[in-house]
Each structure stands twice: as structure tokens, then as C-alpha cells.
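Please look through the structure shown here and follow how some of its parts meet, first by contact between elements and then by the empty space left inside.

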Amino acid sequence: MPDLKTQRTYALVGHGGSGKTTVAEMLLFNSGVVNRLGKVEDGNTVLDFEPEEIKRRGSIQPGFASFKWNKNDHFLIDTPGDSNFAGDLSYSLTAADGVVMVIDAVDGVKPLTRKIWARVQDMGLPSMIVINKMDRDRADFDLAFHGISEALGARPALLYYPIGSKENFKGVVDMMSGKALMFGADGAVSEGEIPGDIADEVETIRETMIENIAESDEDLMEKYFEEGELSPEDITKGLKVGVASGELVPVVVSAALNCQGGQMILDTVQSLLPGPLDHKPWQGEDGSELPSSPDESMACFVFKTQADPFAGQLTVVRVLSGELSPDSQLVNTANGEKERVGQLLAMNGKEQTPVKTPMGPGSIVTLAKLKNTHTGDTLVTKGEFKLAKPEKAPQLITFALAPEEKGEEDKVYAAVGKLLEEDITLTLSRDEESGDILLSGMGQNHIEISVEKAKRRYKTAIVLKTPKVPYRETFKTGAREIQGRHKKQSGGRGQFGDCWIHVAPKGSGEGYEFVDQIVGGSIPRQFIPAVDKGVQETAARGVLAGFPVIDFQVTLYDGSYHNVDSSEMAFKVAGSLAFKKACEKAKMALLEPIMLVTVAVPDAFMGDVIGDLSSRRGKVLGSDSQAGLTEVKAHVPMAEMLRYAPDLNSMTGGQGTFFMEFAAYEECPPQETEKVIAAHKKAIEE
């Protein structure tokens with residue numbers, strides 16, 4: 001088993017376009033896993049291998065790699081940076097002991113960077129930051145570096161200061177040793193002289209770094225004030241303490257496309273990020289704890305499931321404790337099912353390599369052909385430990401799916417359903433009102449690419465449609481003394497049911513209530529539930545535009561029956577007729593779902609975003625600006641938000657993010673009501 005004290009398991013995180021996958025490619029090149037540097041633009045990187053990833057030039061699922069750096073074992077998880085594909089980020093973070101966050105030197109901290117950083121902080125993971133793309137035309141190191149403290153609220157410790165920038169980025173100053181390290185071809189590094197024009201700046205930043213390190217430890221602070229300096233050993237010790245506690249965040253710079261800075265990243269990971277033995281005890285669903293130790297019984301957490309065209313379902317696990325061996329017998333504590341593990345596999349992108357030795361805590365291992373195990377499950381050799389599941393981000397958008405040819409709905413449902421195993425942020429359902437197959441996910445891109453994947457893998461022709469907004473109908477006024485009478489005679493036994501009802505509106509969210517005030521047996525007891533059922537079934541189909549009627553009370557107070565011809569069916573029809581008449585007599589209203597929308601954008605776009613939300617009939621509730629980023633909250637009708645993602649993207653140059661959740665139902669304006677009713681009538685005619 002590898003030396004757990006020097007083993008590192010970490011997640012690469014950051015906003016889309018920051019260059020995480022290119023950084024990962026550089027680390028794999030530096031560690032000797034690949035002998036040629038792939039490029040995202042060329043579609044030949046190790047970790048982006050799905051056709052959809054190559055086409056869009058960006059990750060749509062986590063990528064995994066395992067390698068050695070200076071004889072130490074490293075397990076790397078490359079997470080997607082696009083919010084469309086980062087809904088299960090917490091699952092990847094649960095599998096990691098530390099985090100390497102990548103920030104773009106051109107754009108600095110983006111709204112999504114803040115959101116990801118907040119998640120990392122919530123999970124208490126020690127972290128370091130890489131300022132990447134130092135070679136780009138508009139690279140601005142100062143902007144990116146100051147954003148770490150101002151926008152993220154972190155205390156940075158700059159370990160490597162850049163020498164030059166843009167096309168002149170050619171090396172770094174190692175702030176610990178005070179030496180200049182110059183870049184050669186293919187990531188080679190050699191010592192050089194610190195340029196005179198940056199010597200003073202380097203000294204100032206080094207002093208700030210040492211002060212920050214001293215402040216993270218009381219003993220060091222005292223020593224620093226007394227002596228005015230700290231030894232290299234003291235600095236290293238203070239850094240480790242500060243990183244472990246989350247007080248300090250080491251910062252490294254790179255230009256991954258040119259393979260510059262990879263060795264510095266790996267050295268920093270090795271020296272400052274924690275190993276699996278440093279991980280706090282794992283928390284079980286029942287409040288129990290499991291230490292991260294090889295001496296405990298074996299437990300591992302399933303944090304990702306992937307589909308392989310040859311091997312079938314692949315289950316990716318993080319070993320929490322004990323040792324996972326080939327040919328083990330495991331129990332899934334989520335469902336009690338037994339699973340037999342054959343080979344253990346190490347992943348480098350889509351390449352799978354058998355592992356013959358037992359794997360201890362912190363290892364990322366792939367298991368093939370498990371039968372009843374899903375993402376979020378815990379597998380053990382003994383005991384009943386079940387890891388508390390991480391949070392998933394809420395789904396933001398729903399689209400309707402249909403086959404290109406009628407009659408193949410079940411085929412579409414089955415094809416898309418197969419994606420749910422590997423993507424837990426998708427939900428598939430059927431709309432009972434419209435019969436539509438509904439697919440919910442993190443955004444329009446997420447839905448479109450998922451459908452594209454289902455079409456490619458399962459050879460199914462699928463059409464993507466905007467679904468019906470779930471409007472509702474309700475009573476604005478009541479209606480009293482309404483009769484529903486059903487009488488039919490056609491030879492033999494007839495049908496007879498007669499009921500009298502009052503209908504009254506109820507408050508928002510109070511639901512439906514049926515009140516039985518029948519006295520004297522005017523309707524026999526066995527037929528009263530049938531009246532209730534007739535009302536409910538008709539209310540479910542709606543009267544204005546085919547949407548369910550909600551929040552009302554029906555009082556059944558009188559009626560009559562026939563000894564021979566009355567039946568449950570007759571009274572059900574009578575209840576339905578009475579309800580329809582009540583709707584005609586009362587004033588009805590169409591209700592639309594209102595969403596609480598939170599949009600985060602750079603300050604420069606705030607005016608455009610607020611104006612756009614207002615044009616969507618939105619009511620802005622307020623805004624909060626901090627470190628150049630503004631968060632706007634608004635109530636907006638769902639009907640106006642169905643295609644908001646691409647609009648926000650184009651409005652903000654890809655720098656805006658948003659999420660939304662259901663807030664309440666409100667009455668639809670007359671003009672919108674007319675449109676919805678007209679669309680319903682047209683659909684019926686067709």
C-alpha cells in the first residue's frame with residue numbers, strides 16, 4: 001500500500017474557461033503519465049474525452065487521474081467549471097482531501113469563482129490557488145491576486161512571483177528561497193537572476209507573506225515581533241498550520257498551455273496540502289463517526305458513476321478507511337445488497353489500468369460491473385456505516401422531450417433514463433397534465449448536451465421542446481346554490497344523480513376542502529364520496545386553460561336520488577356538472593408560478609441585468625455589491641425565465657451566473673391570461 005503520509009488526493013476546481021483541464025494535462029505531462037501535451041482546442045486532452053466535451057471544448061463531467069510525483073502517489077479529480085455541469089461538485093469535493101482552485105489571470109475572480117469557493121469553504125477543505133494563463137494578452141496578475149483577498153475573502157500567501165507577463169512571462173521568483181526560476185522548453189526549469197525592476201516589489205510581497213504566515217500561529221507571531229524575521233523552517237511550519245486551518249491559501253502562477261508552472265503546483269500540493277490521515281473523521285447519516293485510517297474496517301464512498309461503451313457501468317469510489325482489495329466481498333449499506341468486487345482499476349481519463357495491490361484511505365478507485373450500487377452509496381466489508389450524502393445544487397430548468405416519430409415515447413424515456421445513473425443532477429418524469437416527458441437539469445446547456453448524449457449512445461431520435469409552464473386556476477369569487485343533475489334513461493336501468501353545492505375560494509396554498517352537510521339522507525352516504533371525486537377530477541383538468549384548479553372549498557348541502565337508477569358513477573357525473581356550472585358563475589383567475597431569481601454579475605453589467613429582469617415582468621427585491629461583483633434578487637414569472645441562461649450569457653459575456661427557486665403563485669395579468677387561454681384552445685383544435 002502507498003505511504004499515506006505523503007499521498008495526496010485533491011480536486012481541481014474553478015470557473016469555466018479558467019484552464020483547469022489544461023492545468024491537469026500539464027501535471028500529467030510533468031509527472032510522466034503522457035509524453036505529449038494535449039490541448040483542449042485540439043480535443044486531445046486526457047481528461048476531456050467524451051465527444052460532447054471535445055465538441056464544446058469544455059468538461060461536462062469530472063475527470064480522474066492517478067500518478068506519482070517524486071515517488072509520492074497523487075489522485076486528481078478535475079471538476080467541470082460550467083455551472084451547467086457542476087451541480088454534483090459537492091460529491092467530488094467529498095472525495096478530496098484538498099483543493100487546487102484555478103483562477104484566470106485575464107478575468108480574475110468571477111461570480112462563479114465566489115460560489116465555488118464558498119462551497120469549498122463550507123466543506124472545510126484546505127486549499128491552494130493557481131493563477132493560470134499568465135501568458136495571455138490581457139493577463140493581469142495584480143487584478144487576479146487582489147481578487148483573492150477582496151472578492152474571496154481569503155488570506156493569500158504568494159509562493160511564486162511572476163517574472164514578466166503576457167508573451168514575456170518567462171519565470172517565477174521562489175518567495176521561500178529567494179531564487180529566480182526560469183522556464184525552458186517542455187516545462188524545464190533552471191535558476192536565474194531576479195530582474196532588478198521587480199526586486200523591491202518581490203521584497204514587499206515577501207514581507208506581507210511572512211506577516212500573514214506569522215499571524216496564523218501565536219508562537220510564530222511572538223517570535224516574528226521579537227526577532228523581525230522567521231527561519232525557513234518556521235515559515236514552512238506556519239504555512240502548513242495556516243493551510244490546514246484554512247487561515248492561509250498558498251498562491252502559485254502558471255501558463256499551462258506552455259507547460260509553465262506545473263512543477264511548482266505539484267511541489268506545493270506535496271508540501272502543503274494534507275494527506276488522507278489528516279482528514280477529520282467521516283460523518284455517518286446516523287451521527288456516527290469513522291476515522292480516516294487504514295486500521296479501521298474498509299468503507300468506501302461512491303461519488304461518481306460513469307458509462308463505458310465496453311466495460312459497462314463504472315463505479316468510482318473514494319476509500320474512506322481500511323484497505324480495499326481486489327476480489328473483495330462488499331455490502332452496500334444503502335440497500336443491504338452484497339456486491340463482489342473483481343479488479344480494482346486506476347483511471348487516467350478513459351484509460352483503465354488494473355491495480356493488483358490493496359488501496360488505502362484517500363485512494364480513488366474504479367470498480368466495474370457492480371449490480372445494485374449507485375452514486376451516493378457507501379460500500380463496506382463489515383458494519384453498517386453510511387456516509388451522509390453531500391448536497392446537490394437545485395435544478396433550474398425543465399424541458400419537454402418527444403420522439404421524432406409518434407409512438408416511440410417509451411424508447412425516448414428509456415434512453416434518457418439511462419443517463420440518470422451517471423448524472424445525478426438530472427431528473428426524468430412524466431407530466432400527468434400534458435403527457436409530456438420532462439427532463440430537469442442545471443441549465444439549457446445541460447439539458448441539450450444530455451439529450452445529444454442519449455441520441456448518440458442509444459440511437460434514439462429525440463426532439464427537445466419548451467414545456468408547458470405549470471399554471472394553475474383558482475376562484476376569485478364563490479358561487480352558491482349550484483345544481484348538478486345527471487339523468488339518463490336508455491332502456492333497462494337508468495342513471496340518476498342530483499346534488500347541490502356551494503363553492504368558495506380559499507387562501508393561497510390552503511388547498512382543496514370538501515365539506516359534507518347532507519342531512520336527512522337526501523343523498524345516501526355511499527354516494528357522497530362520488531360527488532367529491534367528480535369535483536376533484538374536473539378541477540384537475542381545469543376550466544380556463546386546462547390547468548388544475550386549486551385553493552377552494554366545495555360544500556355539498558342537498559340533493560336527491562333514485563332507489564334503482566342512482567349509482568356512484570351517476571353522482572360522480574353530477575358532481576362534475578355542478579363544479580363546471582360553479583366555475584361559469586364565479587369569477588376565475590389564472591395563476592402563474594413566480595420564481596425567486598438570484599443573479600450574480602460584475603458591477604458593470606448590473607444596470608443591464610436589472611433592466612432585463614424588469615422587461616421580463618420581474619420585481620427587483622434588492623442588490624448587494626461586494627468587491628466588484630453584484631448579486632441581484634428578483635421575483636420573476638417562470639414563463640419569462642425558460643430561456644434565460646443563454647440571454648444572460650450573451651448579456652454578460654459569459655460572466656454572469658444565476659439560480660432560481662419556486663417562490664409562490666400569483667394572478668396572471670389579463671393580457672398574459674388571454675395568451676395562455678388562446679394557446680390552450682388552439683392545442684385542443686389541433
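In this predicted model, Val23, Met26, Leu27 and Asn30 of helix 1 are in contact with Gly262, Gln263, Ile265 and Leu266 of helix 9. Sorted by class, this contact between helix 1 and helix 9 holds 5 nonpolar and 3 polar residues, with no charged residues. Helix 1 covers residues 20-30 and helix 9 covers residues 262-272, and the two pack at an angle of about 85° with their axes 9 Å apart. Because angles of 65 to 115 degrees count as roughly perpendicular, helix 1 is described as roughly perpendicular to helix 9.

A second place to look is a sheet with helices packed on it. The sheet is open and has 4 strands in the order 23-24-22-25, with antiparallel pairing. Its edge strands are strand 23 (427-430) and strand 25 (462-465), each of which pairs on one side only. On average, and with direction ignored, neighbouring strands of this sheet are turned by 35° against each other. Strand 23 and strand 24 (residues 437-441) run antiparallel and are joined by 4 bridges, and Ser429 stands opposite Leu438 in strand 24.

Which strands does helix 10 touch where it packs on the sheet? Helix 10 (residues 409-417) touches strand 22 (397-403), strand 23, strand 24 and strand 25, and its direction makes about 160° with that of strand 23. Helix 11 (residues 444-458) also packs on the sheet, where it touches strand 22, strand 24 and strand 25, and its direction makes about 170° with that of strand 25.

The last topic is enclosed space. Rolling a probe the size of a water molecule over the atoms shows where empty space is left. The count comes to 2 cavities of 30 Å³ or more, and they are set side by side below.

| Cavity | Volume | Lining by class | Element giving the most residues |
|---|---|---|---|
| Largest cavity | about 160 Å³ | 6 nonpolar, 5 polar, 5 charged | Helix 11, 4 residues |
| Second largest cavity | about 40 Å³ | 7 nonpolar, 1 polar, no charged | Strand 2, 3 residues |

The largest cavity is lined by 16 residues, of which Ile60, Lys304, Asp423, His446 and Lys453 are the closest to its centre. Around the second largest cavity, the lining consists of Phe64, Ala65, Ser66, Phe75, Leu76, Ala346, Met347 and Ile364. At least two residues of the lining of this second largest cavity come from each of strand 2 (63-69), strand 3 (72-78) and strand 18 (344-348).

Conventions
Residues numbered from 1 in each chain as written. Predicted model: local features only at pLDDT ≥ 70, side-chain atom pairs only at ≥ 80, totals over all residues. Heavy atoms only, no water. Axes fitted to C-alpha atoms, helices over the stretch in contact; angles between N-to-C directions. Parallel < 35°, antiparallel > 145°, perpendicular 65-115°, else oblique. Contact = heavy atoms within 4.5 Å. Nonpolar A, V, L, I, M, F, W, Y, C, P; charged D, E, K, R; others polar. Pairing = 2+ DSSP bridges. 1 Å grid on protein atoms, 1.4 Å probe; cavity = no way out; pocket = protein on both sides within 12 Å on 5 of 7 lines; lining within 4 Å. Points joined across faces, edges and corners; volume = space filled by probe spheres on them.
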